[in-house]
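Q: Please take a close look at the disulfides of this chain. I would like to know where they sit and how they are built.

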Amino acid sequence: QVQLVESGGGLVQPGGSLRLSCAASGSIFGINAMGWYRQVPGKDRELVARKRNSGRINYADSVKDRFTISRDNAKNTVYLQMNSLKPEDTAVYYCNAAYCSGDGVCLNRYWGQGTQVTVSS
């Protein structure tokens, strides 16, 4: 089992920045990618960013050039630096641990509890 604990959400004005953190504990066998999803009421959860152990990174088009995902493998922690935030970034953000195969298919295995990010003036 893997436990994922997120922190860093909150209220920020448009154009502001936030950094989310997700600390993983437990057995991470079978996990080779960590990332972030977000969800708003009435919509499906969507991938925001994912970083694989290989170093490969994927971003949603809507956050490219504004968000940056990084990992501290020594601390089993993944971060999401969010800059130039927009009201449409408002969502619950979930940390995710996955296994991604060589052909690019990822199986989501573990989720954090979610942290609210609200972008509003």
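A: A disulfide is taken here as a pair of cysteine sulfur atoms within 2.5 Å. The model is a predicted one, and by this rule it holds two disulfides.

One of them pairs C100 with C106, with the sulfur atoms 2.1 Å apart. Its torsion about the S-S bond is about 105°, so the link between C100 and C106 is right-handed. For burial, the cut-off that matters is 20% relative accessible area: a residue under it counts as buried, and one between it and 50% as partly exposed. C100 has a relative accessible area of 6%, so C100 is buried. C106 has 22%, so C106 is partly exposed.

The other disulfide joins C22 to C95, with an S to S distance of 2.0 Å. Here the torsion about the S-S bond is -85°, and the link of C22 and C95 is left-handed. This pair ties together distant parts of the chain: C22 belongs to strand β3 (residues 18-26) and C95 to strand β9 (residues 91-100), and the two cysteines are 73 residues apart. C22 is buried because its relative accessible area is 0%. C95 is buried as well, because its relative accessible area is also 0%.As for the connectivity, when the bonded cysteines of the protein chain are numbered in sequence order, the pairing reads 1-2, 3-4.

Definitions and conventions:
Residues numbered from 1 in each chain as written. Predicted model: local features only at pLDDT ≥ 70, side-chain atom pairs only at ≥ 80, totals over all residues. Heavy atoms only, no water. Helix = DSSP H or I, 4+ residues; strand = E, 2+ residues; numbered from the N terminus. Buried < 20%, exposed > 50% of the residue type's maximum accessible area, 1.4 Å probe, protein only.
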